[in-house]
Every structure is written in C-alpha cells, then in structure tokens.
Amino acid sequence: MSKKFQLKNGLKVLLIESHKSPVVSVQMWVKTGSADEVKKEEGLSHFIEHLVFKGTEKFKVGEIAALVEGSGGELNAYTSFDQTVFYVTISKKFSNVGLDVISQMMGFPTFDSTEIDNEREVVIEEIKRGEDSPQRQIGQLLFSTAYKKHAYKVPVIGYADNIRKVSTKTIKNYFESRYVPRNMFLVISGDFKSAEMKKEVETYFGKFKDFKVKKVKRVKEPVQTRPAITIKKSDFQETLTYVAFKAPNVKHKDIPGLDVLSLILGQGDSSRLVHKLRIEEAIVNGTGAFTFTPQDDGLLAFSGSLQPANLEKYLSILANEIAEIYHNPPTFAEIQKAVTNIASEQIYSVETVDGLARKIGSQEFFMDDSEYFKKYLAAIYAVKPSDVMKLAKKYFDPKKITITVLSQRAESEVKKIIAQFMKDLKVALKDKKRVHSKIKEKPQKIQMLKFKQDLAAQSPKTEKIHLNKGVTLYLREQRETPTCSIKMAFLGGTRIEGEKLEGLSELYSRVWPAGSKNFTENEINLKLDNLASSMSCFSGRNTVGVSGEFLSTFQKDMMSMITDTVQSPTFDAKIIEREKQIQKNQIQSQNDNPSQVCIKEFMKMMFSDHPYSREVLGTKESLDLITRDTMLNYHKTIFNHKNVAICAVGDFKKENLVDSLNQLITSMPEGKKQESVSGLSKIGSDQFSFKELKKEQSHIIVGYRGLSFKDEERYTLDVIQSILAGQGGRLFFELRDKNSLAYSVSPLKMAGIETGYFGAYIGCSPEKSKKAIQMIKDEFAKLCATKVGADELIRSQRYLAGRNDIDLQRKGSICNSILFDVVYGLDADETFKSSSRYFEVTADDVQALSKKIFSQNSVISVVGPSF
C-alpha cells in the first residue's frame, strides 16, 4: 500500500497513492512528545508546535498560513505524549506548497525572540482555556494520578510558568537535538504519482542537516501496589470520573484482546456499560471504556459524566460489570461484534487522504510497520471469549486501580463512596458463585471489502430519481470505497415548536430512533453495533431528520431498519421520560461550557421575537409540558411526503434502494410542507449582555444580522468570512499573531430561512475583553473603509474552493450538502458549483456587503468573571 524510501540525511519517507479525490496530505511525524521533556522543559514540545508557524528562513509571520490557505489548503499540528505531527491537506495542484511549508517549518524555523514572546501569551491563554474545561480537567487528573514517576503524569501543554521563562537558546537547542531527519519521518498520501513525488521530496527535504539526535531515557513507572485515588472539588455542575487499570504498551501481545474487551464493555449503545448505565438505568449523561496504548505502559479506563447524586450508583454498577466479565467470558456474539467494528474501521478511517496518512503514520510510528494493521487484524480474529476473560483477570487488579473524581460534592462524601466501591469490587472479584458460563467458540472472520480504485477516476453525477407520490431521491453513486450515506430531512425544527414547547425538536430527535414497529430500542442498538453502522436523528432550527452510515454489504439490513424507524416510531413513554431527564441534566450543566452560554445569550438578543431565539435544549419547565401526545402531534405535523427531502451518496445497489424508499413513501400520509415564514423585528439599537461566570477566560461574540439561505449575496459573505478566517485571516493575524489576545478567535456565520447572523468569537483573559471587542470592530470597519486587495481576495477564494474539495472527500459531507441545499430550495448541485461562484465575487462586492452588514446595530454577548 505504501512505498518507503530514505533520503541521504536519514529522513524516512512513506508515499501512499490514493486517486479518489484531487487532494494531497503532507504529514511530518516527529518522534518527540511531551514525555521526552525533562524538568523545566514541560510544555516545550507543544510550544515549539506553535513557534514553527511563526517564521522561517523563507516565510515571515503569517505567510505560511496565507500561502497554504491561499492555495485552498488547511494546515495544523498536534502534540501528544509520544509524538508531534505537522500536516497540510491541499489540492493536488498545489502539493508543492504543502511540501514547501512543511520543509521550511521542520528544517528552517527562525525562532525570533519577539515572536516567541508574543506566542507565550497565546499558549498561556490556551492553558487558561483548559482550566475552564471539565473534560480537560478530569483528563489531566487521571494522568497525574495514574502515573507517579513517568512523564505521562505531566500535561502535554505544560505549565504556564515554564512557558513564561523558557529562553530562546533553550528552545533552539531542544529543536536542533530532536527535530532532525533521523528522528522524523514524512508521510504523503493522495492523488499523485510516486515517481514524481519522490523527486519533489528530495528537492524540498534533501537539504535538511543531519544533526545528532539527543537520546532521552524516560523514567520508568514503578509497579503499582496500591490504589491511586484523587478527588478534586469543583464548581462544575456535572460530576466527571475515571476508573482505570494499568495496561501494557502498544506493542504488547495483549493489546488486541484488551481492545476487544474495552469495546465489549463500553463502546457503542449496545455495549454493556452504555446499555446498563445510559439506556436501562439512565443515571449517566455519558459513559464509555477505552484503551490508552502509547509507547510506554498505558491504561484501560472507564469514563462517566453524571449528576453528582448518581455517583454511588454508577460505581456500584461499574463494579458489577467488571466482576461479570472477570468471572465469565463474553458471548460469541459480543466477540463477533467487536471484530466487525475493528475490521470495518479500516475502511471508515481512510475515507480522506489525511485519515489515510494518519493511519499509516501511526502504524509506522508505534510499530515500525506501516502495514501493521493486517497483523493486528489477524490477532483480533484469533481472540476467543476465554481470552477476554483471562485478560480481565490479569488486568482488573484492585491494587492497580486508579480512581479520579471531579465533583461539587464534599470530598468526605466522595471518599466514602469510593471506599464502598473498592470494598464491593474486591468482594465481587473473589465471589466464585458468579461463574455461570463457559464458551469455546472461535469468531469467524468477516470478509474485508477491497477498495475499487479503478472506479475512482470516474466523475460522479447527482441523479434525480422520481419516487412514489412525487418525492425525489437525489442519488450520487460513488464506489471508490464500499460505504454508504443516506439522509432524510423534514422541515420543522425549533421554528415550529411553539413558545411553550422549547426543546421539543431536540427531544423528538432523541426518542425517534429509540424503537419502532419491528425493532425495540435494544434491538436497534445491537443491530447497529453488529453491523458497525450508525443511524441517528438530528434536529436544528429549521429541520429534523434521519441519517444512516454503513458499509455497502449491509445495505439491505440497514435500509430495513432505517425505513421502519422513520415510518413507525413507537415514542415509548418511558424512553421519553428518560431522555427528558438527560436533556434537563444537560440544561443544568450548560454553565460548565461558557462559550455555549455566550452563544445562547447572543441568540436571544439577535432574534428576540423570532423562533431562532429559543433554547434548542429547552427549559426544565418546557420539557415538563411535553408528553407522548405532544410527540405524536409533532410527528404528524412534519411526517408527510410533501415535507421530506432524501439524499443518498455511496456504493448503493440502486434498484434495492429505490424499492426500499418507495415502500416508505407509500406509507407516508398526506400533509403539507412546513414552509411558513416567521416575522422578524429590526434591532433598534446596539445590544449588549454580560453574564457573570467565575471562569479563567471571558467568551465574547460580536455580531450583526446576516443573510438567508437563498440570498444572492451569500457567496460574497462566504468570501468575507474567508478573509477573516483561518490562520492566514485578518482576525487570527491581528488579534492572535500580532497582539496575543487569545488562543481561539474566529468569524461566526449562520444563515436562516428569513435571515441569519455574521460576527466573530474570541475567548480571552477578562482584562483583554474590551480591547478584543474594539479590535474585532476595527477589522469589520476596515472591510467597509478599504477595498480588499487582489492578492487577499484570491487567497480567500482559493481557500474556500480548496476547503470545499477537502470537505467533499467524505460521503456523509456530500450527502449533507446536497440534502440541505434541496431542503432550502437551492439546486442539488449547488455545492459542486460553489467554487466558480466564489471566483465571481469582486472587491466591490465585498466592500458593499460589508457596509450593508456592519452598518447595522451590533449585538455583543460577554460571558466571564468580569467586564
């Protein structure tokens, strides 16, 4: 699959040709991560990830991003414990741009002292952002508790004090001893010819100096001999917890079996923990199990997010499920389900060229074998039920357990609950009476489907197929991978809920797929997991609908279940009450996400008397008013053949698909299209809202009324957004690169049936809030005062066109685009014509629309500790 060679300077290169999309991904993998840092270096790898974007021998600050985005590409990087990866995804026409910037960043960064000082503030803002995130906090708590000596205990992002103090000399020395050819490898995937690409690689990367690699010996984690427990009091509404056991490193022979074990216990709605805790008992907002398998010893962990009062019951059920698989092997069906999901992941993960490069790069990094997945899959096939039970006995050792809890409950209460959990777990693991089954079956291999690369060069077209009752199916046959995406949308959403029934559409979308005439909720969940497929319902401000993603070999089974769910939902009263409670929990936890609170307050001011101002989740009071009859009436309102749009993209058997949909359409009742227009008052004066939340950062939105879905100027607004967006855009360059105000700053845009909004978001320290608002307004004002230059305009147009190509690698994305264009009265091929429309936009158009939008009264929402 990949072609491998090595340059004279020691740089290893992997080339993977994939011709299904005109896109190329260039990724440099550095064999250095945060776990290779020593004391006082913590956070340096992540800091360097930022700094190489800040200037090289060839490019000044901002020029790298401007060049990539101006060529229609996207660039980014990430740092982990074990590695740092830099990547560009770009049109094949500009693959040399990707090679150029990655070679400059990794071979010739300047590390200018002034730019280093500017970026210190940006990283510190990123650290503050993490302190406001419950998920980031519980994650860091897990690793600092599970590891006492090993560097995995230190946050990848490091510590603010280190970032403030680290010298330019230390940064350069660190870079030159780690980011060298023999400690890196290059992965390139996409639409190219290997012989030609090899020559390009030699030109751009052959000049790298072959510095000596500094060898770093990581501190070995001592054998754990007693439980490691940390409880942290917090102001977050949700309680978050991890229960983990030590696991081996990625190369250990037990890893395939542990992956099967974690999938059986906590991945998918039919897994044991999700079924018991989320579906049956409904005591968690979310739960799961996963294996963390890095270079050094990792973890097998269980996660839970729940209301504080449910912690005791959650841990009690968890102890019981751990003991069950400790004493009894899983069923053959559970093993087969795990095998199907893991094997199918090979297909789903390579739908995009960057996904393909990431997969190959990961295998090369961890296993020194870019084709390792074949060996891994063989090991997965060989896992027997008894093997899984043996692994549970081997690794579920109470002496080697780690428990972390982030909760508003008193520490003394949580300590008692954990003590009881430990007692229950030890008793359960010793209870021989729990043994009740023995299974000796071997899982059967599923047939892996091969890519149809010979069809990749074909140009797919969107076909309009007339179904029964005048309904149209928009079908786009794409057979380069054996995957399918189908979506149906019905006009409705929050705009038709009624003022007293806020949250109805969201609740409807959660209950709709939870049981039908021929399938119970449990049967649906089990079937989806068995087929490694997904079926979900969605809701928004204008629509509700159903989405299905599956392998083509499972089309018959999936279409049978999708059509039955759409046609004959049961709306079980118990499930409605369960999902109402989960939705109420999420409403209560909204303050844990200040950016979400900020947008909520913004929408209220922007659309005060319009349905768009309503709470998508609703309120506790509005949810209490919703009954099964309410749900049935809502379904009756939207579910009819005049109100539906259907799109399918992928490797379908067309005749079978049409037959399935015609049967569904025949069952649809008469009705009407929900296309009523809501009135909308003008915003009479500037609007401002400040909501106090005791957080590290303030979250700010500055916005104005925008455009409708069908507005003739919508492409001009996309160009304006592009001028402001991205790492090469004005907002990022002025507010982040030059003034170090924030880690996160970006334009915001929403289109609607009557109107939408346009504006910008920034998250920053509270003392920077007023300056941030003024600078955002200044950037808007510049667009009104001065015409955008030709170079910047073409950069923005190319960026939009290139992002369109990148986004349309996934069949689900294509399906979404076609579906919603049709729903809102646009042409089915609107998305495929958009690139040419972007290039029709002129500088005069940009200035005229900017004046039109930014001359309106503004709406400003601020959420944070002070203003």
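Start by selecting E413, which is partly exposed, with a relative accessible area of 38%. Its salt-bridge partner is R409, and the closest N and O atoms of the two are 3.1 Å apart. Keep in mind as you click along that this is a predicted model.

**More salt bridges**

How many salt bridges does the structure hold? There are 58, and a few of them make good stops.

Select R120 and D117 next. Their closest N and O atoms are 2.8 Å apart. Both residues sit in helix α4 (residues 113-131), three residues apart, about one turn of the helix. Colour the pair by accessibility and you will see two classes: R120 counts as buried at 11% relative accessibility, while D117 counts as partly exposed at 42%.

Now move to R178 and E41, another salt bridge, with 3.9 Å between the closest N and O atoms. R178 belongs to helix α7 (residues 168-178) and E41 to the loop between β3 and α1, so this pair ties together parts that are 137 residues apart in sequence. Are these two residues buried or exposed? Both R178 and E41 are buried.

For a group rather than a pair, select K54, E115, E119, R736 and D737 together. These residues are linked in a network of salt bridges.

**Helix α1**

From E41, follow the chain forward to helix α1, residues 44-51. This helix is mostly covered, with eight of its eight residues buried. Show the side chains to go through them by name: L44, S45, H46, F47, I48, E49, H50 and L51.

**Two patches on the surface**

Switch on a surface view and select K39, K40, K149 and K153. What kind of charge gathers in this patch? The four lysines make a patch of positive charge on the surface. To place one of them, look at K153 in the loop between α5 (134-146) and α6 (160-165). K153 counts as partly exposed, at 33% relative accessibility.

A patch of another kind comes up when you select F688, F690 and F867. These phenylalanines make a nonpolar surface patch of about 280 Å². F688 lies in strand β18 (residues 687-692), and its relative accessibility of 42% makes it partly exposed.

**V26 and V201**

Hide the surface and select V26, in strand β3. V26 is buried, with a relative accessible area of 1%. Setting aside residues up to four places away in sequence, V26 touches F86, Y87, V88, G98, L99, I102, L186, V187 and I188. For a sense of scale, draw a distance from V26 to I335: their C-alpha atoms are separated by 37 Å, and the two are 309 residues apart along the chain.

V201, in helix α8 (residues 194-205), is the next stop. Its relative accessible area is 0%, so V201 is buried. Which residues is V201 in contact with, leaving aside its neighbours within four places in sequence? They are F5, L7, V13, L99, L186, I188 and G206. L99, L186 and I188 appear in the contacts of V26 and again in those of V201. Draw one more distance here, from V201 to D100: the two lie 101 residues apart along the chain, with their C-alpha atoms separated by 9.4 Å.

**S21**

Step back to S21, in the loop between β2 (12-17) and β3 (23-30). S21 is buried, with a relative accessible area of 9%. Not counting residues up to four places away in sequence, S21 touches D191 and Q809.

**S344 and two backbone angles**

Go on to S344 in helix α12 (residues 332-348). S344 is buried, with a relative accessible area of 1%. Leaving aside its neighbours within four places in sequence, S344 is in contact with A532 and L551.

Let A532 lead you to the backbone. Most residues other than glycine have a negative phi. Phi of A532, however, is positive, near 50 degrees. A532 is found in the loop between α18 (521-530) and β15 (534-539), where it counts as buried at 10% relative accessibility.

Finish at F571, which also has a positive phi, of about 50 degrees, although it is not a glycine. Where is F571 placed? Look in the loop between α19 (555-567) and α20 (573-588). F571 is buried, with a relative accessible area of 1%.

How values were computed:
Residues are numbered from 1 along each chain as its sequence is written. This is a predicted model: local features need pLDDT of at least 70, side-chain atom pairs count only at pLDDT 80 or more; totals for chains, interfaces and linings use all residues. Side-chain values use heavy atoms; hydrogens and water are left out. Patches are made of residues with over 30% relative accessible area and no salt bridge: like charges are joined within 9 Å, nonpolar side chains (Val, Leu, Ile, Met, Phe, Trp, Tyr) within 5 Å. Accessible areas come from the Shrake-Rupley method with a 1.4 Å probe; for residues, only the protein chains shown count as cover. A salt bridge is a side-chain nitrogen of Lys or Arg within 4 Å of a carboxyl oxygen of Asp or Glu. Lys and Arg count as positive and Asp and Glu as negative; His and the chain ends are not counted. The place of a charge is taken as NZ of Lys, CZ of Arg, CG of Asp or CD of Glu. Helices (H or I, at least four residues) and strands (E, at least two) are DSSP runs, numbered from the N terminus. Buried means under 20% relative accessible area, exposed over 50%, partly exposed in between (1.4 Å probe, protein chains only). Contact means heavy atoms within 4.5 Å.
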